[in-house]
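Work through the exercises below with the sequence and the 3D structure at hand. Each task is followed by a solution that goes step by step.

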Amino acid sequence: MKPSMNKGAGQRIALVDGIEKVSGRAKYTADLFTPDALAGRIFRSPYAHAEIIRIDTSEALKLPGVVAVITGDACDKAYGILPVAQNEFPLARERIRYFGEPVAAVAAVDDATAAAALKLIRLEVRELPVYTDAASARAPDAVLLHGDKKGNLEREVHNEFGDTEAGFAAADLVREESFECAEVTHAHMEPHAAMASFDVERNQLTMHTVSQVPYYVHLTLARCLDLDTSRIRVIKPFVGGGFGARTETLNFEVICALLARAAGGTVRLKLSREETFLTHRGRPQSQIRLKLGMKQDGRLTACHLEMVMRGGAYGGYGIVTILYAGALLNGLYNLPAVKYDGYRVYSNTPPCGAMRGHGSVNTRFAFEALMDSMAKELGLDPLTVRRRNLLAAPTDTLNGLKVISYGLPECIDRVEQASRWRERIDKMPPGRGLGIACSHFVSGSAKPVHWTGEPHATVILKLDFDAGITILTGASDIGQGSSTILTQAVVEVLGVDYGRVRVIANDSAITPKDNGSYSSRVTFMVGNAAIQAAENLKKILLEAAARRLQVTPEQVDCLGEMYAVFNQPERTVGFNDVVAEALINTGTLTVKGTYTCPIEFQGGKQKGGAVGSTMAFSYAASVVEVSVDSELGTITVEKVWTALDCGFAINPLSVEGQVQGAVWMGMGQALSEETSYAKDGKHSAANFLDYRVPTIVESPEIEVHIVESIDPNGPFGAKEASEGPLAGIPAAVAAAVQHATGTKITRLPMTPNLVLEALSGRKRPAATRAPQPAAAVTEKELV
């Protein structure tokens, strides 16, 4: 439902933690390092692929000031985000699989001693062939990175929904094209850091860390240290960005805990920027082969996509990513038939994982680009062809995803009008172009990774003698503003002043467990739990007010800071007095709210069908205007218009900020960002000089339009607002570049060198027009 009081939800308020952040008072993990903490440092492999013969730490242990040195022998438990893909150890055991992989770690009295100790560690190995690309890793004679994975395939996925062969046969135009997207990383501002304290007498561990999902860290620490979960406490302070990088438990977190136990005390571990790059978990390099069928009027008849991902050395989120890439072909447009072949390949590079727009960005780039090309060949406007393929919501997709609210038509209308598309598209000056693309994303995964039968979200409200309301939540605010959204939800229901509400989050000893900040789940799921908790508390307060006013609860009107009898405005009681009444005979009130996704929203019955399932999709349309310097090959994004269907904007200011961030991240992938590796596996861009992210200098004007479709299941009708806009930006930039230059570029990032090569007339893959509907399939089938 859309809020009626409109005191909390729908308001453009500053983030509740904004003052701490802008004033410098916010304490991040590294700010909390205690003076008595030992300095932790990691010895990293100088080899990308090797068999470990010997690790000699004896000289390091002799160094005065060194308290502990550990190797892979400290932990024989493999870990990973998915129970079926746990093949990574915090410190390498027997085999090294990427350059920079942790091999040993030191705890010492200070940083200088720890650094000196690392230099005394001796590593003896037998080097193995290094595979930094998917093709060489898949070669028949390639050494297997993991013995149980033939062909170095972590996972291959094959599914078909509908009859693609018939769909292509019914098409008037069939095209097939290849695309490539470079690997990118999250580039969050705060480097990784952790602090672990081990209480030897009590056999208890306390961990402060930068995680997006403290719950996963808790489970992994229990597994790797062989501790009961009750002996562990995980605390997440302020976090300086995540974007998916910190969704998984990362090796340095487990290493810090292992060092603390070995040293019998507290260890701090702060990674350098280079080490943060090496820890990675970014978006994988992707090679895409896409085939589409289209009718003369622009309606799509079939889609066949082959995706090859270079996933890095370990499993991590790889299975989910390769499934997402296929699942999220659906849910945006009306596709009568979809076939998908996905291959996630192991390589001697740092592991990839989840990144903003998880699994959807690279496939969307290819899809939107090929659809544009086909529209042009049929003489159709890009807007027209998208409108011809809109869904009729509510509906179920071919692969079992539910679409309940669908604001994409209005999003397209908004950006068309705002950019003056019709007036300008055929009148752009030389070197100037417009491009459009659409995109979508889930509002949280409807089926959690760790299925326990517990609610998907839990929020507790505490109300005591001071009449202050404390929101206790395990949901991680990593900069996206989730704590603000929960505050607004509670204020909306109860009508109290904001100063009466505080949030305490992410301390496993105090706050309820939450499944974490990933897949844009917090607003939808935790927001609904907060509303339920507030409604439950409101019921108690109405009963207390009724006792004070000597009427029935049905006769009491909640006015926020005051409760009154209906139609008797002179009969009132203040909030503090209502609280005092409510506490009689009970004391402190703790009220719980929960949320669980109904089973019918948890995906199709096919293997992996839960991936992509969600309660609601956000939808976005973006128009990008660029100018291209044909002599330098540089692309300048002049302006971006993005319309986002977020269901309902609980905080429009926050929504606008999230859209702007998504646009920036999409621009980076489109124009400049790329992780690259030398042939020996060394990272060649592990810093912010060589790995180029857009800055405020490159930022264009970003005009955000909010579309409110009011999802019936969302909190006040809200859906996610952060990831949906991203996937369309690279495609829209590429379309604008093609409009400006007449040249199509099918690889990201579109660097000046790549642009100049394209403008010089180098050959691009040719497509063939189907001569007639009965013989539409003219391209060879995908392998």
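A residue counts as buried when its relative accessible area is under 20%, as exposed when that area is over 50%, and as partly exposed in between. The model used in these exercises is a predicted one.

**Exercise 1. Place N330, T458, E94 and R420 in the classes buried, partly exposed or exposed.**

Solution. Begin with N330, which sits in the loop between α9 (318-327) and β15 (338-346). Its relative accessibility is 3%, and because the cut-off for burial is 20%, N330 counts as buried. Once residues up to four places away in sequence are set aside, N330 touches V338, T397, L398, N399 and H440.

Next take T458, which belongs to strand β19 (residues 457-463). With a relative accessible area of 13%, T458 is buried as well. Apart from its neighbours within four places in sequence, T458 is in contact with P512, K513, A529, K592, G593 and T594.

Then turn to E94, found in the loop between β3 (66-71) and β4 (95-96). Its relative accessible area is 66%, so E94 is exposed. The backbone of E94 deserves a note too, since its phi is near 70°, a positive value in a residue other than glycine.

Finally, R420 lies in the loop between α12 (408-418) and α13 (421-424). At 43% relative accessibility, R420 counts as partly exposed, and its phi, near 55°, is again positive in a residue that is not glycine.

**Exercise 2. Describe how helix α14 packs with helix α15, and say which residues make the contact.**

Solution. Two packed helices are described by the angle between their axes and the distance between the axes. For α14 (residues 482-494) and α15 (residues 522-549), the angle is about 30° and the axes are 8 Å apart. Angles under 35 degrees count as roughly parallel, and the two helices α14 and α15 are therefore roughly parallel to each other. As for handedness, α14 passes α15 in a right-handed crossing.

The contact is formed on the α14 side by S482, I485, L486, A489, V490, V493 and L494, and on the α15 side by V522, T523, V526, G527, A530, I531, A534, E535, L537, K538 and L541. Sorted by character, the residues of this contact comprise 13 nonpolar, three polar and two charged.

**Exercise 3. Carry out the corresponding analysis for helices α17 and α18.**

Solution. Helix α17 (residues 652-671) and helix α18 (residues 728-741) pack at an angle of about 55°, and their axes are 8 Å apart. The helices α17 and α18 are therefore oblique to each other, while the crossing of α17 past α18 is right-handed. The contact draws on A662, V663, G666, M667, A670 and L671 of α17, together with I729, P730 and V733 of α18. Of these contact residues, eight are nonpolar, one is polar and none is charged.

**Exercise 4. Which residues have the most contacts inside the largest nonpolar core, and which residues does a second core include?**

Solution. The largest nonpolar core has 106 residues, and those with the most contacts inside it are L290, L292, F367, L408, V626, V733 and M750. To look at one of them in detail, L290 is in contact with R175, E176, E177, F179, C303, H304, L305, A366, F367 and L370, leaving aside its neighbours within four places in sequence. A second core, separate from this one, has 57 residues and includes V459, L486, V496 and L589.

**Exercise 5. Which residues of helix α16 are buried, and what covers them?**

Solution. Within α16 (residues 575-583), the buried residues are F575, V578, V579, E581, A582 and L583. Their cover includes β19, β20 (469-473), α15, β23 (562-565), β24 (568-574) and β25 (589-595). After α16 comes N585, with a positive phi near 70°.

**Exercise 6. Where are the cis peptide bonds that lead into P394 and P749?**

Solution. The bond from A393 to P394 is cis, with omega near 0°, and P394 is placed in the loop between α11 (382-387) and β16 (395-396). The bond from L748 to P749 is likewise cis, with omega near 0°, and P749 is found in the loop between β29 (747-748) and α19 (752-759).

Technical notes
Residues are numbered from 1 along each chain as its sequence is written. This is a predicted model: local features need pLDDT of at least 70, side-chain atom pairs count only at pLDDT 80 or more; totals for chains, interfaces and linings use all residues. Side-chain values use heavy atoms; hydrogens and water are left out. Axes are lines fitted to C-alpha atoms, for helices over the stretch in contact, and angles run from 0 to 180 degrees between N-to-C directions. Helices (H or I, at least four residues) and strands (E, at least two) are DSSP runs, numbered from the N terminus. Angles under 35 degrees count as roughly parallel, over 145 as roughly antiparallel, 65 to 115 as roughly perpendicular and the rest as oblique. A crossing is left-handed if the near helix is turned anticlockwise from the far one by less than a right angle, and right-handed if clockwise. Contact means heavy atoms within 4.5 Å. Ala, Val, Leu, Ile, Met, Phe, Trp, Tyr, Cys and Pro count as nonpolar, Asp, Glu, Lys and Arg as charged, and the others, Gly among them, as polar. Buried means under 20% relative accessible area, exposed over 50%, partly exposed in between (1.4 Å probe, protein chains only). A nonpolar core is a set of buried Ala, Val, Leu, Ile, Met, Phe, Trp, Tyr and Cys residues joined through side-chain atoms within 4.5 Å.
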